[in-house]
Amino acid sequence: MTADLSKGSRVSPLAAPLTAADIDEAAKRISGVVTRSPLQFNERLSEATGANVYLKREDLQAVRSYKARGAFNLMAQLSPEELAAGVVCSSAGNHAQGFAMACRSMRTHGRVYVPAKTPKQKRDRIRYHGREFIELIAVGSTYDLAAAAALEDVARTGATLVPPYDDVRTMAGQGTIAAELLEQLDQEPELVIVPVGGGGCIAGITTYLAERASGTSVLGVEPAGAASMIAALAAGEPVTLEHVDQFVDGAAVARAGALPYAALAAAGDMVAFTTVDEGAVCTAMLDLYQNDGIIAEPAGALSVTALLEADIEPGSTVVCLISGGNNDVSRYNEVVERSLVHLGLKHYFLVDFPQEPGALRRFLDEVLGPGDDITLFEYVKRNNRETGEALCGVELSAATDLEGLLARMEDSDIHVELLEPGSPTYRYLT
């Protein structure tokens, strides 16, 4: 699924549009606090695509994501009175870490609202960076519910809101990534691929490249289950998604930011958007770790996932933003599972065994192939563990083996039902 911004938009112009000059000022403002992240040539991805692929390693920031840039740039511009009143933010985890670090360095007390499903690793890092200057509040099942709670706090207490993306100061701070990568390359890149959540980062990067580069295009990448910016483009304005897949938590935003959307609409056809499957993201995460030693969180792997699916011009220079590395090791099994399903190597079946002895043995000997491994076997009826229906997970040695497995199932007198990903029954497995 792709979308471009060359079509008309009904959005109103920004009262104070973001400019490259704003981003240059932000770069000076945050230079003493935020690390200049490495831009690394990646041989594996270059060989796979025929392009010259570089990774912008924002996962190597002290807070393991680019979010420190926007938080610092905004808070550094607050008045003493605003700081004294306290500051508040909502976040899926990464923005909160940059916010927490800024609070501690500026000795300002802040409150952080995160979704209840935010990984423990991210919560612990927020507390680490903020120490005694941060109060962490988990509320709601999604980022948008946490954001609503933060707005209620601001209205009640008079504290200052530090938005993760929908503020020109935040966007300017995040746009400093573009200023850095232009300085780090010998020539302008043909393409920069950017993960997208609320849109602040890609809006800042696109704004800077539109003014400071002559022919660079930008590709924004959203998870298929949370494509809020593409939905905004289709509607001509930000809209709220009815359902959001929370797996890519750093980009699981139900409604794109109004200011980022306006900035992107103004950029015209230099920016386009695409979606990638969450399972493909998991495969990219595992490849980055196993081949490149890069620990990327799901949102951090969006750009590389899109790179491998896009039509990249051979010989071109491409920059992929690795936006974050706050990955919880407890999610590793889920990452592997989603990757195997995406690759066609993992399948689940409901097997209805005949009510006779030896049915299970025949299934193992006559239906399963030599390279098929059972990874899950559980009788559905607890009071009949020898015969009856069972849930069976099978891992194949190659995706092409599925055709033979299904054929043997069809020839067998054992009734087998393949559970399709996305079906109501399948959702009980994930």
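**Entry 1. Surface patch**

I began with the term itself: a nonpolar patch joins side chains of Val, Leu, Ile, Met, Phe, Trp or Tyr within 5 Å, each residue having over 30% relative accessible area and no salt bridge. The model I examined is a predicted one. On its surface I found such a patch made of Leu360, Leu364 and Ile374, with a combined accessible area of about 190 Å². I located Leu360 in helix α15, which spans residues 359-367. Leu360 counts as partly exposed because its relative accessibility is 30%.

**Entry 2. A charged pair in α15**

I stayed with helix α15 and looked up its charged side chains. Arg361 makes a salt bridge with Asp365, with 3.6 Å between the closest N and O atoms. Both residues belong to α15 and are 4 residues apart, about one turn of the helix. I noted that Arg361 and Asp365 are both exposed.

**Entry 3. Other salt bridges**

I then searched the whole structure and obtained 22 salt bridges. In one of them, the side chains of Arg111 and Asp153 meet at 2.7 Å, N to O. Arg111 sits in strand β5 (residues 110-114) and Asp153 in helix α7 (residues 143-157), so this pair ties together parts 42 residues apart in sequence. Asp153 counts as buried, because its relative accessibility is 1%.

I next looked up Asp245 and Arg338, whose side chains form a salt bridge at 4.0 Å, N to O. Asp245 lies in the loop between α10 and α11, whereas Arg338 lies in helix α14 (residues 332-342); the two are 93 residues apart, and the pair links distant parts of the chain. Asp245 is partly exposed at 23% relative accessibility, and Arg338 is partly exposed with a relative accessible area of 23%.

I also recorded a network of salt bridges that links Lys56, Glu58, Arg69 and Glu180.

**Entry 4. Aromatic rings**

Which residues form the aromatic cluster? I found Phe353, Phe363, Phe377 and Tyr379 in one cluster. The search of the whole structure gave 5 aromatic pairs. The ring centres of Phe353 and Tyr379 are 6.5 Å apart and their planes stand at 55°, so I entered the pair as tilted. This pair also links distant parts of the chain, with Phe353 in the loop between β12 (346-352) and α15, and Tyr379 in strand β13 (residues 373-379), 26 residues apart. Phe353 is buried at 2% relative accessibility, and Tyr379 is buried with a relative accessible area of 8%. Phe377 and Tyr379 have ring centres 5.3 Å apart and planes at 90°, so that pair is edge-to-face. Phe377 is partly exposed, its relative accessible area being 30%.

**Entry 5. Nonpolar cores**

I turned to the interior. The largest nonpolar core holds 39 residues, and those with the most contacts inside it are Val194, Ile202, Ile205, Leu209 and Phe273. The elements giving two or more residues to this core include α1 (20-30), β8 (191-195) and β11 (317-322). For Leu209, I set aside neighbours within four places in sequence and found contacts with Ala178, Leu182, Val192, Thr216, Val218 and Met270. A second, separate core has 31 residues, among them Phe247, Val248, Leu286 and Ala299.

**Entry 6. Helix α11**

Last, I examined helix α11 (residues 258-267), where Pro260, Tyr261, Ala262, Ala263, Leu264 and Ala267 are buried. Their cover includes α8 (168-184), α9 (200-212), α10 (228-235) and β10 (271-276). Just after the helix, Gly268 adopts a positive phi of about 70°.

Note on methods: Residues are numbered from 1 along each chain as its sequence is written. This is a predicted model: local features need pLDDT of at least 70, side-chain atom pairs count only at pLDDT 80 or more; totals for chains, interfaces and linings use all residues. Side-chain values use heavy atoms; hydrogens and water are left out. Buried means under 20% relative accessible area, exposed over 50%, partly exposed in between (1.4 Å probe, protein chains only). Contact means heavy atoms within 4.5 Å. A nonpolar core is a set of buried Ala, Val, Leu, Ile, Met, Phe, Trp, Tyr and Cys residues joined through side-chain atoms within 4.5 Å. Patches are made of residues with over 30% relative accessible area and no salt bridge: like charges are joined within 9 Å, nonpolar side chains (Val, Leu, Ile, Met, Phe, Trp, Tyr) within 5 Å. Accessible areas come from the Shrake-Rupley method with a 1.4 Å probe; for residues, only the protein chains shown count as cover. Rings of Phe, Tyr and Trp (its six-membered ring) pair if their centres lie within 6.5 Å; planes under 30 degrees apart count as stacked, over 60 as edge-to-face and the rest as tilted.
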